[in-house]
Amino acid sequence: METYLIFIIILFVLAISDLIVGVANDAVNFLNSAIGSKVAPRHIILIVAGFGVVVGTLFSSGMMEVARKAIFHPEMFYFTDVMTIFVAVMFTDVILLDMYNTFGIPTSTTVSLISGLLGGSLAVSFIKISEAGQSINEIGNYINTARVSGIFSAIFLSVLISFIVGSVIQFISRLIFTFDYKERFRKYGAIWGALALTAITYFIFIKGAKGTAFLSKEDVDWILSHTKTVLLASVIFWTVVFQLLLWFTKINILKPIVLIGTFSLALAFAANDLVNFIGVPLAGLNSYQIASMSENPLSMTMEALKEPVKANSVILILAGFIMIGTLWLNKKARSVTKTEINLGRQFEGYEKFESSALARNIVRIGLNAGYTIKKIIPKKYLKKLDKRFDVNKAEYMKMKKKERPAFDYIRATVNLMVASSLISVATSYKLPLSTTYVTFMVAMATSFADKAWGRDSAVYRVNGVLTVIAGWIFTAFIAVAISATLATLIYYGGVAAVIIIFALVAVSIVRTNLLHRKREKKVKKVEESLLEEEKAFLSNSFKEDLGNYLKNVEKIYSNICTGLSAEKRNKLKKSKKQTKELEEESAVLINKLLYSAQFVDGLEDNVEFGKTVTAIGDAAQNLRDIAKEAFEHIDNNHSGLIKEQIDDLKELKDSLESVVKAFDPEKKKNFNDRYEKAKDLIRKLDKNQIKYIKQGKLKARTNLLFLNIIFKTEDILDNLKAINEFLKNGEKK
């Protein structure tokens, strides 16, 4: 039993880690509406959410049984078996959630838990079946297959329900209030707000009361038996309060609704999802306590886990405070929140996700469906509908881009009302509904209904949603695989295996934190560039960024030349990867120019503007083509460059470096002279290739590669020429 005391300690260390990585991922579930709508300063939002989390932990007692008996039949497992499963599950949860947090992708902590329990249970079950010489058909005696299928069905069904309900309610709400909702809201906003808060009150405090740790059965029965009275009283109370506020004050009643909704959704999150973080460690502790009272603890079966459990309120509250600390301090939580907010924002900006064939086809189908519907509906009704969905009438569209919220209070309220209601219903029936799936799909549904995905952003947003959903499916499969593998290792390796796995997980977390810091630094730079507006145009900051960009062009080009000459595949592969980052860097510079151009007078007289914008992007694309062709040539093991070509390439590299250095404002080098010398060199090298061919020194593929490099380099030189002319004209003005 001393050995398994170490397991208990490790379980609770992992519980703290799981609370941190889990909440960092799930924070998006209750923060995105308030933060996205900028309903209040961030610290106020976190205080409200934190209070909801603490209260919600006291409603989660009923959910704790999921970790004990929902997936496997405990009477079929010894104490040693369940401890193996529990430790494997916690390792899996920490590894998986930390990975998702690093890349800022919301996933389901519920699916992670359930899949981890399933994987660990299956592994141990198969081992026991094998050792007992039983048939594989006996697996049904070990795994609660009916419960597992029911849980996964409820979780994935929630995706469809959430999207449908969110779309319908948001469409109706926007149809009633429009984007210019202030006047309309003064007329009938009180009853709308009252219904929203009544729905939240009903699902949280009535349905959720069944699982609470501090209300007696009599209290719960009284509340449930007076449901209609409480509902009616709530509607009347909130209607009166809101109407008085609308008549006699200038308070925007949507703000308290969003904040109360944030509190409610945070409460629902803690009530439903706390089991995902501490349910397994508590089940492990309970198993240890049960086994300790037995004469043969290591060989006793764990049917006692089937008994009802009442979690310790002190432990629940402590877990709540760890969750609150994570909300305030964890940077990965902000990354996950930002992903969902950006996918649903009402205007264009930095798109985290790229395009894909599936996303393009979905958007194309949607556009064609839209055209068909427009042909059916009379034009006069379409015009009326368009007016009610005209986002340009929204008050926040008058703000500067960096001050705008991602969406307005109407959408934020619908997000919170629908999501908290659905999650709370699941909690009341002890269904481990995925709060991430519900809140994410509701948020995407409301942005879809609000026409937030325009023609220029739809394909990226749709691909982002598809990526997140694919990640959810990946979560289930990978959690089963990892947990099963770890359970097998722990079953045979014991404490030694646990300690080794623990050390590897710790190293992994350190590495992912470094990776996350690097990724966020790059994303922050891109996002800030899109918000600088008029300050960006030919400012010192812009010139400095452009100078760094050109230096990177030269550096990567130099690496390609040396890598190709020495036939270093890894160096060329790295250069190819760097050209993709260079293209992102060029996009930042281009966006700075395009966004800031509207604030500059007389720019239309500068004929070099369009050429410059194109040249910045083309320089990166030409370099990408060179890197790709050079890498593929060496990767396919084709003949390397001959000595004469290596010498020519070095001369070409030095020439490009000389031209880039001419941009240095401190050295004031003569750009035109260096540019013309480089062009002359290209003509010379072109003639050299003919000479080498006549001498029979070249292979066809090698010659073609070198010619492509020469003339792609010439294109880069022309790009640099256009940029230089634009800078000179800008300085004259």
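**Exercise 1. Decide whether D625 is buried or exposed, then find its salt-bridge partner.**

Solution.
Step 1. In this predicted model, D625 has a relative accessible area of 18%. Buried means under 20%, so D625 is buried.
Step 2. Look for a side chain of opposite charge. The side chain of K712 meets D625 in a salt bridge, at 3.2 Å from N to O.
Step 3. Place both residues. D625 belongs to helix α22 (residues 608–635) and K712 to helix α25 (residues 700–732), so this pair ties together parts that are 87 residues apart in sequence.
Step 4. Check the cover on the lysine. K712 has a relative accessible area of 23%, so K712 is partly exposed.

**Exercise 2. Classify both ends of the salt bridge between K653 and D654.**

Solution.
Step 1. Start with the contact. The closest N and O atoms of K653 and D654 are 3.2 Å apart.
Step 2. Take the lysine. K653 has a relative accessible area of 14%, so K653 is buried.
Step 3. Take the aspartate. D654 stands at 32% relative accessibility, so D654 counts as partly exposed.

**Exercise 3. Describe the salt bridge of R411 with D450, and say which network contains this pair.**

Solution.
Step 1. Recall the principle. Side chains of opposite charge can pair when their charged atoms come close.
Step 2. Apply the distance. The closest N and O atoms of R411 and D450 are 3.1 Å apart. A salt bridge requires the nitrogen to be within 4 Å of the oxygen, so the pair qualifies.
Step 3. Locate the ends. R411 sits in helix α17 (residues 409–428), while D450 sits in the loop between α18 and α19, so the bridge ties together parts that are 39 residues apart in sequence.
Step 4. Check accessibility. R411 is at 1% and counts as buried. D450 is also at 1% and counts as buried.
Step 5. Widen the view. Salt bridges link R174, D408, R411 and D450 in a network. The count for the model comes to 19 salt bridges.

**Exercise 4. Place A445 and find how many Å separate its C-alpha atom from that of I164.**

Solution.
Step 1. A445 is in helix α18.
Step 2. Its relative accessibility is 0%, so A445 counts as buried.
Step 3. A445 and I164 are 281 residues apart along the chain. Their C-alpha atoms are separated by 7.2 Å.

**Exercise 5. Dissect the largest nonpolar core: which members touch the most others, and which element gives the largest share?**

Solution.
Step 1. The largest nonpolar core has 63 residues. F86, F91 and L117 touch the most other members.
Step 2. List contributors. Elements giving two or more residues include α1 (2–26), α5 (79–102), α6 (109–132), α8 (145–177) and α19 (458–529).
Step 3. Rank them. Helix α5 supplies the largest share, 13 residues.
Step 4. Look beyond this core. A second, separate core has 57 residues, among them L46, L246, L274 and A319.

**Exercise 6. Map the surface patch of positive charge and find which helix gives the most to it.**

Solution.
Step 1. The patch gathers K518, K555, K568, K571, K573, K574, K576 and K577.
Step 2. Helix α21 (residues 569–597) gives the most, with five residues.
Step 3. Take one member from elsewhere. K555 lies in helix α20 (residues 540–565).
Step 4. Test its exposure. Exposed means over 50%. K555 reaches 52% relative accessibility, so K555 counts as exposed.

Technical notes
Residues numbered from 1 in each chain as written. Predicted model: local features only at pLDDT ≥ 70, side-chain atom pairs only at ≥ 80, totals over all residues. Heavy atoms only, no water. Patch = residues over 30% accessible without salt bridge, like charges linked within 9 Å, V, L, I, M, F, W, Y side chains within 5 Å. Areas by Shrake-Rupley, 256 points an atom, 1.4 Å probe, with all protein chains shown as cover. Lys, Arg positive; Asp, Glu negative; His and termini not counted. Charge placed at Lys NZ, Arg CZ, Asp CG, Glu CD. Helix = DSSP H or I, 4+ residues; strand = E, 2+ residues; numbered from the N terminus. Buried < 20%, exposed > 50% of the residue type's maximum accessible area, 1.4 Å probe, protein only. Core = buried A, V, L, I, M, F, W, Y, C linked by side-chain atoms within 4.5 Å.
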